[in-house]
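Please open the model in your viewer and keep the sequence panel beside it. The tour below moves from one selection to the next and says what is to be found at each stop.

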Amino acid sequence: MRLIDHAKVVNNMKPRILKNIFFKGVFFAATMFGLLVLGILLYRILTQGIGYLDLQFLQSLPSRKPEMAGVKTALIGTIWLMVVVAPVSLLLGVGTAIYLEEYARKNQFTNFIQINISNLAGVPSIVFGLLGLTVFVRALALGTSVLAAGLTMSLLVLPIIIVASQEAIRSVPNDLRQASFGMGATKWQTILRVVMPAAIPGILTGGILALSRAIGETAPLVVLGLPLFLAFLPKSVFDMFTVLPMQIYNWTGRPQEEFHALAAAGIIVLLILLIFMNSIAVFIRNKFQKRY
Amino acid sequence: MTATIEKQKVLEKQGDNKSSKQPKDIVYKTSELNLWYGEIQALKNIDLDIYEKEVTAIIGPSGCGKSTYIKTLNRMIELVPGVKTSGEIAYRGRNIFDKSYGVEELRTKVGMVFQKPNPFPKSIYENVAYGPKIHGIRAKKILDEIVEKSLRGAAIWDEVKDRLNQNAYGLSGGQQQRLCIARCLAIEPDVILMDEPTSALDPISTLKVEELVQELKEEFSIIIVTHNMQQAARISDKTAFFLNGEVVEFAETDKIFSTPSDKRTEDYITGRFG
């Protein structure tokens, strides 16, 4: 006896296929929604800001007169911030990831650390701002310097870098570690010569995405008390500075229409910077990705 | 290290020392070895003597502990969390579980070839030079020599000599496995452990590896885990039959396959179970 009536199955085919088409449409619409919003956003900012976007805009200090104002201090400040954030967060983040993945025994304690790193990634950035204000600005008396802001931002992106690096390290097949151990290599030799070369694309991709986040973050810097208006450039990591998002925030808060256009132009600069960094990440991923 | 490089020259004149009949030395003497994965006992009271310059095959059904045993011989098993052992394995007279015996030191003398070919995602040259490099050999000339000697030893030199700088992942599965054998030879080991080295290979590559094992035993002591009984019969001098974590029978391969003394061995090799 047949348990399946094939005639019935064929009869039921149509609704199944229709359902499939329906859901395909739903998911397509969901994808398009995001694209549409992004498109509108870009369109508004481009039409508003493109008029102000020229070399003079990049080379001028901020000014009370919109036609003379520029993003030089903010752009340089953002680069200064990166000079602190990149090495600090990458060294601490990759170091932590290597320890947790390669050296630490899997026990309750490392489990606890692991959970807290994930939790830390979800902590609102303003909380990191408060932490930075208490520890770096006040307790260590670094003031609203590049160093204080850089350390705060490093803490903010640290969980992202740790998690990304851990994933990259974990994706290196165990076979390779065993091959290395099997020849009498120490753990460190194995990490340095086998694990790291294979994991570095993933680590750098995660690292650059984390840095992009640090570039765009504003809230913690507001809490640290970064100046909204600064007409000189920092000369060392102990100097006061401001960054692009702060400058944009400042301009959007002004009543004059021209400053809103300036803000749009600033956003374009910021977006270009971010796209540039993300493309480096994509480039690294494609160029060095290894398949096993 | 350089002194032992000379030793490998024997490879090139293989076949000369067939006449020697003096008793062979024991490389590995296992006594009352027990091993647990957490609460589960995987090896029970293993007593096994492995002689040098022979091929010792370890056969048995899946889960009988044969892979566990071979991984214990170079202490790779300790990478598995929660492993406990008791008893003793003496390698050349020295207990490998001894606190003063570093695993790194042991593994420079005991090479391992794994079930799945696992070359590094590096060039063919770098794969073979890896072992000597981690042991501190820097001189390019010596490295070149080791690489060639090892690749010749693993019968893959002619296939790869024109593309030493290409990525090892471009090789076929069988070539990759012979490259892994070359990589293992490059540390000039005393013993080579092979954990089902042909289970991921096609029949022709398998044959090549088997022929290679025959050549290598002139120079090295080889312990090979296999679940292919014909393979054990073809290439080994002695065979140990493992079942449920115990050694049921250990004898000359001819004897195991013609007149096994234990009923369970007979059942297994005649294909009645496993």
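## First stop: a loop residue in chain B

Select B:I77 and display its surroundings: leaving out residues up to four places away in sequence, B:I77 touches B:T68, B:K71, B:T72 and B:V83. Colour the elements on either side, and you will see that B:I77 sits in the loop between α2 (66-73) and β4 (83-91) of chain B. This residue counts as partly exposed because 19 other C-beta atoms lie within 10 Å of its own, whereas a buried residue needs 20 or more. Now add B:Q115 to the selection and draw a C-alpha to C-alpha distance, which comes to 15 Å in space for two residues that are 38 apart in sequence.

## Confidence, before going further

This is a predicted model, so it is worth colouring by pLDDT at this point. The model scores ipTM 0.85 and pTM 0.81. For chain B the mean pLDDT is 88, and 91% of the residues reach 70 or more. Within chain B, select strand β8 (residues 221-225), where confidence is highest at a mean of 95, and then helix α1 (residues 2-7), where it is lowest at 49. Residues 1-5 of chain B stay under 50, and the model has 4 contacts for them beyond four places in sequence. Residues 7-20 of chain B are also below 50, with 12 contacts in the model beyond near neighbours in sequence. Where pLDDT is low, the predicted coordinates should not be read in detail.

## Into the nonpolar core

Next select B:L193, which, when neighbours within four places in sequence are set aside, is in contact with B:I70, B:L73, B:N74, B:V110, B:M112 and B:I223. Both B:L193 and B:I223 are among the residues that touch the most other members of the largest nonpolar core, a set of 143 residues, and the others so placed are A:V157, B:I58, B:A182, B:I192 and B:I222. To see the element that gives the most to this core, select helix α7 (residues 146-170) of chain A, which supplies 16 residues.

## Where the chains meet

Show the contact between the two chains, to which chain B gives 18 residues and chain A gives 15. On the side of chain B that touches chain A, the elements giving two or more residues are α3 (103-109), β6 (110-113) and α4 (124-134) of chain B. Colouring that side of chain B by residue class gives 9 nonpolar, 6 polar and 3 charged residues.

## Chain A as a whole

Hide chain B and show chain A as a cartoon: its secondary structure comes to 12 helices and 0 strands. The C-alpha trace of chain A spans about 90 × 60 × 35 Å along its principal axes, and its radius of gyration is 25 Å, where a compact globule of 292 residues would have one near 19 Å. Of the 292 residues of chain A, 36% count as buried. Among the contacts in chain A between residues at least 6 apart in sequence, 76% join residues at least 24 apart.

For the last selection, colour chain A by its two parts, domain 1 (2-52) and domain 2 (57-288). How far apart do the C-alpha centres of domain 1 and domain 2 of chain A lie? They lie 35 Å apart. Across the boundary, 6 residues of domain 1 of chain A are in contact with 8 residues of domain 2 of chain A, and the domain 1 side has 3 nonpolar, 3 polar and no charged residues.

Methods. Residues are numbered from 1 along each chain as its sequence is written. Chains are lettered from A and ligands numbered from 1 in the order in which they are written. This is a predicted model: local features need pLDDT of at least 70, side-chain atom pairs count only at pLDDT 80 or more; totals for chains, interfaces and linings use all residues. pLDDT is the predictor's confidence in each residue, from 0 to 100. Helices (H or I, at least four residues) and strands (E, at least two) are DSSP runs, numbered from the N terminus. Two residues are in contact if their C-beta atoms, placed from the backbone, lie within 7 Å. Ala, Val, Leu, Ile, Met, Phe, Trp, Tyr, Cys and Pro count as nonpolar, Asp, Glu, Lys and Arg as charged, and the others, Gly among them, as polar. Domain bounds come from an automatic or database domain assignment. A nonpolar core is a set of buried Ala, Val, Leu, Ile, Met, Phe, Trp, Tyr and Cys residues joined through C-beta atoms within 7 Å. A residue is buried if 20 or more other C-beta atoms lie within 10 Å of its own, exposed if 12 or fewer, and partly exposed in between; C-beta atoms are placed from the backbone. The radius of gyration is taken over C-alpha atoms; the globule rule is 2.2 Å times the number of residues to the power 0.38.
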